[in-house]
Amino acid sequence: MTSAPRWPRMLRENCAKLGLVFAAFFLMALAGCLAINNIMGKELSHAAGESLNTAESQIMGCFSEADAVLSHAAILVRGLKREDHRQEAILGYLTRVTDWMRRRDGLMTYFTGIYGFMDGELIDSIGLHPGQSFRSRTRPWYQAGLHSGGRTVFTPPYIDARTKKMIISAVRALDNDQGEIEGVLALDLNMTWLLNSICALGETANGYGIIVNQNLDVQAHPDSARIGRPLRDLGPDYQKIAESLTAGREVSAMKIKDAGGRPAIVFFKRIFNGWQVGLVVSVDDYYRSMYQASAALMILGAVFMAVLGYILLHMDEARLRAEEANRALALASALAEKNVMLKNTFLARMSHEIRTPMNAIIGMSDLARREPYPPKAREYIAGIRQAGANLLAIINDILDFSKIEAGNFPLHPAPYEMSALLSDTLATIRVQLLDKPVEFITDISPALPGRLTGDATRVRQVLLNLLSNAVKYTDRGFIRFTAAGERCGETGIKLVFAVEDSGGGIQDSDINSLFSDFVRLEEEKHENIEGSGLGLTIARNLCRAMSGEITVESEYGRGSTFTATLRQSVRDWTPLGEMPPAKADLPGDWRAPFIAPEVSLLLVDDLPSNLLVAEGLLAPWQTRVTTCLSGREALALAREQSFDLVFLDHMMPDMDGLEAARAIRALEGERYRRLPIIALTANAMAGMEEMFLQNGFNDFLSKPIEIPKLSAIMEKWIPAAKRLAGPETGPNPSAIQPPFDLKLEGLYMEGIDLAVGLSRVGGSREQYLNVLEMFGRDAAARWSLLGRMSADAERPALATQFHALKSGLANIGAEALSQRAARLEEASRCQDAAFVHLNFAPFLEALGRLVSRIKAGLVAARPEGGELEAGLARAALTRLREELEGENIGGINRELQALQALPLDHAAREAAAAIAELVLRAEFIRAADVIGDHLKCFEAE
């Protein structure tokens, strides 16, 4: 680290620069204040002009309307007099006009009414009711009418004797055909609206408006005491204003002192009949805004000056910090490398987390395909397995960090069979179309070569993308898949794949954006269709990487055709020929090439479901399998037992696979150096296999585990001396039908789908009954707990209970109630108290009914045992304990099903269910101890 800056020296050396900074700041502040003053002056003049124009428009509108009403009334009254109508008729007409003005929906509320004087008589149509002393000829309105000259004029403001309000009268003389005045009509206007409007003209808090007539007498003013007085009487400065207005000069932005002695700025505008509208703006209010803006500018300039001065002072110091900057650069480089490592670690973990459920999906489907299901069910399982494999290939592409960093799609050419690629792809699409009224047509050229070299995974990804899009957006009609090829040289071929559909098509304006990232067209129309909008972009880039392209032709409303071209190498030009219908290659028909009952395996994974899958996949080799859930357990077992082969998961809590492998290698004894350790991982990123081999592993097996790869591992690492010939014959699993004869029809009343529940336990009647029994006990306990908690309990606690019930209900086939639990779980997590309150009690009631039905159904499906049950149970428990102690998964499942099939009483069945639950959690030792306790009870009896 360098020492603190030498401020005195730096100030001396940089005083000229600092002076320049100060001068620049001063000039900037001065120019800014002048500019602000100029801008604000222009803004004030503009705003004042707008306000005065608004006032003129309001006054003109009111007076013009009064003129129109009065002129029309004068014409009608003159007509009535010519027809010799009596005064009563004229009075009636004027009364109706007054009533109309007063009722006109608030639009003429400032019109008091219309009245007149003619033939020496007052026509009182507005309710004046004057006394004996009232003389119409002396009133201002009458005198103004006599001098109106045949047009409408307006009187100065005066106090109405009846309402005591200030009014202005619009008056007009009535003359006969000889031009003689026969009377006067008057229309009174309440001045309140005008005063309020003018007083509100102020552009600042202390501003206000003024109106003066042609004689410069004040007609409107916020101070009512000044109304009617000459303008010059308001103060000395107002006398100057009066002189300017009398001389016809413009008064705009004149600085004066108003009647209260406060400085002000005055604007006047001439309107009709010589009247003037004025606007008075407080100077204090006006300059306050300018001062505030100037102060802000000064503060900003001071900050700028300080920052600039600080920068200048530190420019000299920068030379002294060069070495420190170099060290910081090196540190930044190290941090960048660390960030790259962290990013790689994050993607590796993400790969592991995403691939873990894929392991369960593909592994369980492989196990299910070994079970004796009907042919149709086996086809469905094959479709699930193939779709899972395709999804896994896509996940591999997306999560491969090296590919993302490179910004391209690396290809891995390898030999492949065209028929296998097309069969797998089309089988997947046929499964997607099972529930749609869409005809799937294939037109595959038999002249295509059967053996190619290229990246089959990438080709399949392109085809699946185009075909899956067609399935998504085609609800009826057809999808046609065409495959052909064009020869390119001696060993190359240009493959041409076309996917035509009768879906909704694409608008011409949308085709150009079809291949953009994250674009989904007409999302409102297709809001229920899943997808990120990246598929076509990836597919096009893949085609381009294989020297091809994707094009589209579409007619909106009638369908689309996507054509993909790509180049591959040909290994053998033998034609493909006619392709047979897609048929699944079910591993249920597959048998291990050998068995190894003397081989002891250690299987390590932190997820019990993964252990179950792996154990099932290893069952054909008939090896002795020991399982554990952590690296530390694996290390302890390796010390205590001798294993021939170890399958060790990579990512585990506490001690991961790398640490466990190194710890096993560090144990004393040559056998630990020779022990084959196989890495099991859901992280299949580039370079991972090399990393495992460098950390004590002998081989690498990615999850989800695939049968061919697992078979290759067993072939490679099981010694030949410990292999025995496997069974060559046996029953065809596809010919065996699972027992779907459960007598639990009453459960349908609660929405339980028995077929779904049975399918989730492999079609085993006893296994399904066991699951029902365990769920019934757990659900009863949770039902009681929820009843005590109520809908006002803490949301996390409620969410936990609903989450557990959601999965349990789904496992037994109660899909509807499971979905209700899922919605309640989500509402609890999102703090949606209203939804929880509304649905909590109905869900609890439905759950209670379901628990009761399950209990009743189990009693009907499992009749109580008789006198022989004790002996049968003792023998079954003894056999099961032996299998548990040997940790033989196949034997455990077989004996457990045999025990549960016995006609046990309620207590014995409860015990069997508890043992089954421990087996499901792979707690074999505890299960054996429980059996031992029950066997002691039998001996005591």
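Is aspartate 217 buried, partly exposed or exposed, and what is its relative accessibility? At 21% relative accessibility, aspartate 217 counts as partly exposed, where buried means under 20% relative accessible area, exposed over 50% and partly exposed in between, with a 1.4 Å probe and protein chains only.

Before selecting anything, note that this is a predicted model, in which local features need pLDDT of at least 70 and side-chain atom pairs count only at pLDDT 80 or more, whereas totals for chains, interfaces and linings use all residues. Residues are numbered from 1 along each chain as its sequence is written, and side-chain values use heavy atoms, with hydrogens and water left out.

Colour by pLDDT (the predictor's confidence in each residue, from 0 to 100): the mean for the protein is 75, and 72% of its residues reach 70 or more. Among the elements (DSSP runs numbered from the N terminus, helices being H or I of at least four residues and strands E of at least two), helix H10, residues 401-406, has the lowest mean pLDDT, 46, and strand E16, residues 492-501, the highest, 95.

Now return to aspartate 217, which sits in the loop between strand E7 (208-212) and strand E8 (218-220). Leaving aside neighbours within four places in sequence, aspartate 217 is in contact (heavy atoms within 4.5 Å) with Ile211, Val212, Gly228, Arg229 and Pro230.

Next select strand E6, residues 181-190, which is largely enclosed by the rest of the structure, because 8 of its 10 residues are buried. Strands pair if DSSP finds at least two bridges between them; E6 runs antiparallel to strand E1 (residues 111-118), joined by 7 bridges, and pairs in the antiparallel sense with strand E5 (residues 166-175) over 9 bridges. Centre on aspartate 188 in E6, which stands opposite glycine 113 and is also the bridge partner of serine 169. In the hairpin of E5 and E6, which has 5 residues between the strands, glycine 179 takes a positive phi near 85 degrees.

Move then to the largest nonpolar core (a set of buried Ala, Val, Leu, Ile, Met, Phe, Trp, Tyr and Cys residues joined through side-chain atoms within 4.5 Å), where, of the 44 residues, Leu422, Ile479, Phe481, Leu495, Phe497 and Ile550 touch the most other members. Helix H12 (456-472) is one of the elements that each supply at least two residues of this core, and H12 gives the most, with 9 residues. Apart from this core lies another, of 42 residues, among them Met166, Leu174, Leu189 and Ile227.
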